[in-house]
Every structure is written in C-alpha cells, then in structure tokens.
Amino acid sequence: MQYKSQAVAKPYFIAAIGLFVGQILFGLIMGLQYVVGDFLFPEIPFNIARMVHTNLLIVWLLFGFMGAAYYMIPEETETELFSPKLALALFWIFLIAGALTIVGYLALPYATLAKLTGNDLLETMGREFLEQPLITKVGIVIVALGFLFNITMTMLKGRKTSISLVLLVGLWGLAIFFLFSFYNPHNLVKDKFYWWWVVHLWVEGVWELILGALLAFVLIKVTGVDREVIEKWLYVIITLALVTGIIGTGHHYYWIGTPQYWQWWGSIFSALEPLPFFAMTVFAFNMVNRRRREHPNKAAVLWALGTGVMAFLGAGVWGFLHTLAPVNYYTHGSQITAAHGHMAFYGAYVMVVLTIISYAMPILRGRAANPEKAQVLEMWSFWLMTIAMVFITLFLTAAGILQVWLQRVSDTPMSFMATQDQISLFFWMREWAGVVFLVGLVIYLLSFFVKGDSRAANA
Amino acid sequence: MENVRLPLPTASPPASTAPTAPRLAGDLAIWFFILAELLAFGVFFAAYAFTRANHLELFDAEQQALNRSAGVINTVLLLTASYFVVRAVQAAERAASAQSARWLLAAIGCGLGFVGVKLAEYSAAFEHGISLSSSPFHMFYLSLTFFHFMHVILGLVILVALWNGARQGRYHHGDMNGMETGAAYWHMVDLVWLILFPLVYVIH
C-alpha cells in the first residue's frame with residue numbers, strides 16, 4: 001500500500017461483500033417463490049424479497065465503487081486522501097442507513113414505512129428500484145456529496161490522470177442522475193421517462209465510465225503496459241459507451257407514450273451498445289497479452305479478463321437480443337429482460353468490483369498477492385459463480401422465449417399466471433443454478449481465510 | 001501521447017524502421033472509432049432505405065421540398081475543407097508549420113460555413129412546421145442531418161486543436177500521428193456527408 005489513507009477502502013470492500021451475500025440469499029428466496037409461491041409467506045412476500053434483492057445489489061455495488069475510488073485516487077493522484085476521517089464517518093452512516101432501510105422493508109408493511117418516513121412530504125417511494133424511503137434517499141445524497149467532496153479535493157491537490165478524471169466524471173454523474181429519483185411527476189409518461197434517467201443513465205451511461213476506469217487501473221497495475229496506451233483505449237471505449245448509451249435510452253421509450261421517433265433512435269443507437277463492451281474485451285485481452293510483468297495476483301487478472309467477456313455477453317449480446325423495437329414489442333418485460341439483467345449486472349458491475357477487490361484487498365492486508373492456495377480457491381469461486389450465472393441466464397432466456405410464445409405470439413394466448421405454470425421447469429433449473437452460485441460465493445468468502453506463504457508486500 | 005501507437009498486430013511499425021512498408025495514417029484508436037461511426041451511420045442509412053421503400057410517394061414528395069441548393073453549397077464547403085486539410089497535412093510533413101496552420105484555418109472557415117448554412121436550413125424547416133413527429137421522412141431528415149451536424153461540430157473542435165498544435169510547430173515528419181489522426185476524423189465527416197446528401201436530398 002503506497003498511501004496510508006488507502007486503508008479506508010478496506011471496510012467498504014468488506015461491507016460490499018457482506019451485502020453481496022445478503023443479495024444472493026434473497027435472490028434464492030425469491031427464486032424459490034417463483035415455483036413455491038407461498039414460501040416464507042407472509043413473513044417475506046415476493047415483492048419484498050425482490051426489493052431487498054435489487055436494493056442490496058445497488059447498495060453493495062455503491063460500496064464497491066466508493067471503496068475502489070478511495071483505493072485508486074490516492075495512488076493515481078500520488079497524494080493522501082483529503083480526509084480519511086470523513087471517508088470512515090460516511091462509511092458508518094451509509095452502512096447504518098442502508099441496514100435500517102432493509103430492516104424497515106422486512107419489518108414493516110411498505111405503506112407504514114412510507115408514512116413513518118415522511119413520504120407525504122415529498123412522494124418518492126413506490127417506484128421500482130427507487131423504493132427507498134425519503135430519508136434514505138436524502139442520506140444517499142449526503143453520503144454521495146461528502147464522498148465526492150473528499151475525492152474531488154484529493155484530486156485537486158494531486159496529479160491529474162485520465163483514469164482518475166474518467167472515474168470522477170462517472171461518480172459525479174452517478175450522484176447527479178440520482179437526483180431524478182426525487183422527481184416523481186403525476187403524469188405516468190413523464191414519470192417513466194425520468195425514472196429511466198436514474199436507472200438507464202446509471203447502468204448504460206455513467207457507471208460505464210466507472211467500470212472503464214476501474215478496469216484500466218487494474219490493467220495498468222497487473223500488466224505494466226504504458227499508461228498512455230491504456231488511457232487512449234479508455235477514451236475510445238467511454239466515448240462509444242456514452243454516445244450509444246445516452247441516445248440508447250430510447251430503447252425504454254418504445255411503449256410508454258413518448259413520440260414514435262424514439263423507436264428509431266432507441267433501436268439504432270442501442271443496437272450499437274455492444275460495441276464499447278466488445279472494445280473492452282479486446283482491450284483487456286490485448287493488454288494482458290502484451291504484459292511487461294508477471295503479476296503474482298493471478299486471480300485479479302482472471303477477474304479483469306472475465307469482466308470484459310461477461311460484460312460483452314450480458315450487457316452487449318443479451319441486451320441486443322431484445323433491444324430492437326419490433327422484437328421488444330413481443331419480449332418487453334418478459335423473462336428475457338430478467339436474463340439480460342442478471343448477466344449484465346454480474347458481468348459488468350459485480351465482476352469489476354470483484355476485480356478491484358481481488359487486486360486491492362491483498363495489498364490492503366499487507367501483501368502483493370494472496371497465497372497460492374487462496375488464489376486457487378478464489379479462481380474456483382470465479383468459475384463456479386460465472387458458470388452458474390451463465391446457466392441462470394440461459395434458463396431464464398429459455399423461460400422467456402417460451403413465455404413470449406405462449407403468452408404473446410400464440411393464436412390462443414395464455415394468461416400470465418397460466419404461462420408461469422408452463423415455464424416452472426426452467427424456474428426450478430434457474431434456482432439450482434442459483435444454489436451453485438451460492439456455493440461459489442461461499443468458496444469466495446473462504447478464500448479470504450486461507451493461510452499460507454504470501455508474496456512480498458510491495459505491489 | 002501523440003507518439004504512442006496501439007499495440008495491435010495491425011498497427012504499423014514506426015516510419016523510421018520501415019519507410020517503404022504500407023503504413024496506417026493516424027492512430028489505430030481513431031480508426032476503430034471511425035469504423036464504429038461508419039457502422040452507426042450505416043445502420044441509420046439502412047433504416048432510412050427500409051422505411052423509404054414502404055413510403056415511396058411520401059418520401060419523394062417531401063424530398064422535393066428540401067433546399068437542394070443549400071445541400072450543394074454544403075457539399076462544396078465540406079469537400080473544400082477536406083482539400084485544405086490535405087494541404088495542411090502535407091505542409092506539416094514538410095515542417096512548414098505556419099503554412100499548415102493557415103490551411104487548417106481555411107478548413108475551419110469552410111466548416112463554419114457548413115454550420116451556418118445548416119442552421120439557416122433548420123430554421124426554415126422549423127418555420128414550416130417540420131419536426132421529428134411530422135412525418136417518417138422528416139424524422140429521418142432531421143435525425144440524420146443533425147447527427148451528422150454534431151459530427152461536424154466535433155470535427156471542428158478537432159481542427160481547432162490541430163490548428164493550435166500546428167501554430168506551436170508540434171507536427172513534422174516523423175511526428176505526424178496527432179495531425180493524421182485528426183485529419184482522418186475530418187475526412188470521415190466529409191465521407192458520411194457524401195453519402196447522406198444524395199441519399200436524403202437527391203435520389204428519388
């Protein structure tokens with residue numbers, strides 16, 4: 001560890017992994033509820049399990065991004081963090097607020113939670129993924145502002161690199177677009193229109209800058225390839241990502257009451273969204289092939305390469321599958337969307353956070369890389385989780401195709417619930433793939449506790 | 001930064017080691033970007049052709065109402081700008097930086113002329129009530145030309161950066177990567193217009 005203040009990243013990473021475990025457990029609960037509808041009812045109804053599953057994902061990724069920034073920025077700017085104390089204080093505020101929110105979801109009826117937390121002052125609750133009570137949302141904004149202040153001040157006093165600039169723009173964008181979660185117009189078209197400014201412009205916009213910056217940082221460290229080369233690729237990738245991603249928002253505007261030209265704009269630009277992900281894969285493999293050093297942390301290299309491939313498949317290919325308006329007319333909101341959502345989030349964001357954790361955590365624990373045995377275990381967890389996710393995606397895709405056929409294309413269309421019965425076999429198989437994912441995750445956790453000869457402490 | 005070539009197999013060796021071997025002008029990264037741009041326009045053109053085939057009469061009628069003279073003037077302006085950019089690259093190669101900067105300034109002038117003509121065309125179109133929702137043809141006319149218009153603006157920003165670099169004498173034989181990279185982008189903007197203009201304004 002080159003700078004003492006990088007140590008604040010450690011609690012962020014630990015919290016991220018802890019919440020990741022929670023996310024997967026709730027995923028398994030709701031996965032079972034797809035086929036055993038009253039499982040854990042009325043204690044944890046499906047809608048609550050789903051809310052916890054998705055909210056935990058977002059929150060743990062945010063912990064991961066913040067930890068990554070606190071780790072990367074001192075090294076990139078070649079100066080200590082502006083205020084490590086602020087970073088630690090915000091960590092506890094965010095963790096406690098997040099935990100209380102989840103407890104609120106689980107312990108109270110949602111309407112009661114809304115009443116208790118002042119939703120009548122400003123109605124922001126009740127929208128998918130943005131279910132958080134008003135006070136949690138305000139808390140997120142305060143934490144984000146404090147975090148951005150800390151990171152920006154550090155950058156202002158230190159070296160300015162392209163990677164840190166891209167990361168900072170991404171993080172600022174993340175905070176700015178979250179503000180649209182406070183805008184909840186009564187007009188349903190406008191409601192959905194701006195809802196996507198948080199949801200889509202996060203994951204297919206500014207988050208891609210964060211993803212690119214994290215990947216570029218780790219690749220510089222593990223390959224020793226010239227910074228100039230890596231930064232140039234980073235610029236090409238983020239330009240493509242922004243041009244296709246921003247106008248590509250139109251692929252959510254096909255059927256919500258917006259003008260028809262969105263069908264063209266959305267189809268054309270979002271069809272090109274795989275390009276930046278493809279470039280990212282080419283980039284990652286190229287840099288590793290041209291490496292000038294053999295970094296002892298093999299696991300981190302594996303995660304970095306995996307991110308490129310899985311992001312391209314999940315976000316790129318599975319996104320393209322149903323992005324064209326004439327296709328989406330049939331597939332909208334089916335299990336095909338769920339298939340894409342699972343692999344895209346795992347491939348792009350889960351894997352890039354696990355990449356930076358894999359690279360940084362050993363260094364934060366005082367060694368360049370983990371012992372051989374620990375790395376082997378970590379690589380086992382990589383393959384188990386990744387292959388499990390491939391199967392989850394394939395089973396959901398099969399479920400989605402069958403669903404679309406039975407429910408929407410057929411001459412005698414079935415009702416939603418009757419269709420769900422017909423595709424339950426795929427839901428069972430998805431659940432078993434989910435169990436394998438959990439096994440992979442447990443092995444991942446165990447890899448942190450394996451003792452052995454660790455490599456030198458200078459990474 | 002200009003000196004660095006991307007380490008891909010297709011990247012050319014430095015001119016000094018293989019002066020006669022075929023060489024990729026400009027940085028490989030810009031060619032990746034240009035291909036992505038051409039793909040985006042290509043998809044858009046294909047969508048135009050597909051829709052036109054379903055609305056032949058509408059497309060022909062509304063195409064007649066476009067200002068073709070403005071289109072011709074803009075074609076001449078872009079071609080002239082590209083010629084000036086070529087002269088600027090040649091001048092830089094001879095290390096005639098001041099000359100190179102003057103050619104670039106002339107190219108920027110032509111580019112600004114394009115922007116002016118296009119803005120006049122848009123304002124007339126909007127006065128006639130043409131909008132993205134007024135017809136399928138208008139949707140394509142406005143979308144395609146505006147998407148290209150934004151590329152002209154970006155191209156101009158790049159030309160200004162090159163002009164600035166040329167004035168400081170940054171480019172010369174053996175260090176042409178920056179100049180060629182920017183020039184390649186500008187020619188792409190020109191090339192796209194050479195397809196867009198006949199497709200949207202002329203062919204019926």
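Two residues are in contact if their C-beta atoms, placed from the backbone, lie within 7 Å. The exercises below apply to a predicted model.

**Exercise 1.** Describe the make-up of chain B, and state what share of its contacts with a separation of 6 or more comes from residues 24 or more positions apart.

*Solution.* Begin with the secondary structure, which in chain B comes to 6 helices and 0 strands, so that the order of elements from the N terminus on reads α-α-α-α-α-α. Next take the extent of the chain: along the principal axes, the C-alpha atoms of chain B fill a box of roughly 60 × 35 × 25 Å. Of the 204 residues in chain B, 34% are buried. Finally, among the contacts of chain B with a separation of 6 or more, 75% are accounted for by residues 24 or more positions apart.

**Exercise 2.** Work out how H3(B) and H4(B) are oriented with respect to each other, starting from the crossing of their axes.

*Solution.* The axes of helix H3 (residues 68–93) and helix H4 (residues 97–127) of chain B come within 8 Å and cross at roughly 165°. Because angles over 145 degrees count as roughly antiparallel, H3(B) is roughly antiparallel to H4(B). The crossing of these two helices is left-handed, and their contact comprises 17 nonpolar, 7 polar and 3 charged residues.

**Exercise 3.** Analyse the contact between chain A and chain B, first as a whole and then at the crossing of H9(A) with H1(B).

*Solution.* As a whole, the contact takes 20 residues from chain A and 18 residues from chain B. On the side of chain A that touches chain B, H8, helix H9 (261–271) and helix H10 (274–289) each supply at least two residues, and H8(A) gives the most, with 7 residues. By class, this side of chain A has 13 nonpolar, 3 polar and 4 charged residues. Turning to the single crossing, the axes of H9(A) and helix H1 (residues 28–54) of chain B come within 9 Å and cross at roughly 145°, with a right-handed sense. Trp264(A), Ile268(A) and Ala271(A) of H9(A) make this contact with Val43(B), Phe44(B) and Ala47(B) of H1(B), and the residues involved divide into 6 nonpolar, no polar and no charged. In an α-helix there are 3.6 residues a turn, so residues three or four places apart point the same way.

**Exercise 4.** Establish the span of H6(A) and what its buried residues pack against.

*Solution.* Helix H6 (residues 162–178) of chain A has 17 residues and reaches 24 Å from its first C-alpha to its last, close to the 24 Å expected at 1.5 Å a residue. Its buried residues, among them Ile163(A), Leu167(A), Leu171(A) and Phe178(A), pack against helices H2, H5, H7 and H8 of chain A.

Conventions: Residues numbered from 1 in each chain as written. Chains lettered and ligands numbered in written order. Predicted model: local features only at pLDDT ≥ 70, side-chain atom pairs only at ≥ 80, totals over all residues. Helix = DSSP H or I, 4+ residues; strand = E, 2+ residues; numbered from the N terminus. Expected span 1.5 Å × (residues − 1). Buried ≥ 20, exposed ≤ 12 C-beta atoms within 10 Å, placed from the backbone. Nonpolar A, V, L, I, M, F, W, Y, C, P; charged D, E, K, R; others polar. Axes fitted to C-alpha atoms, helices over the stretch in contact; angles between N-to-C directions. Left-handed = near helix turned anticlockwise from the far one by under 90°. Parallel < 35°, antiparallel > 145°, perpendicular 65-115°, else oblique.
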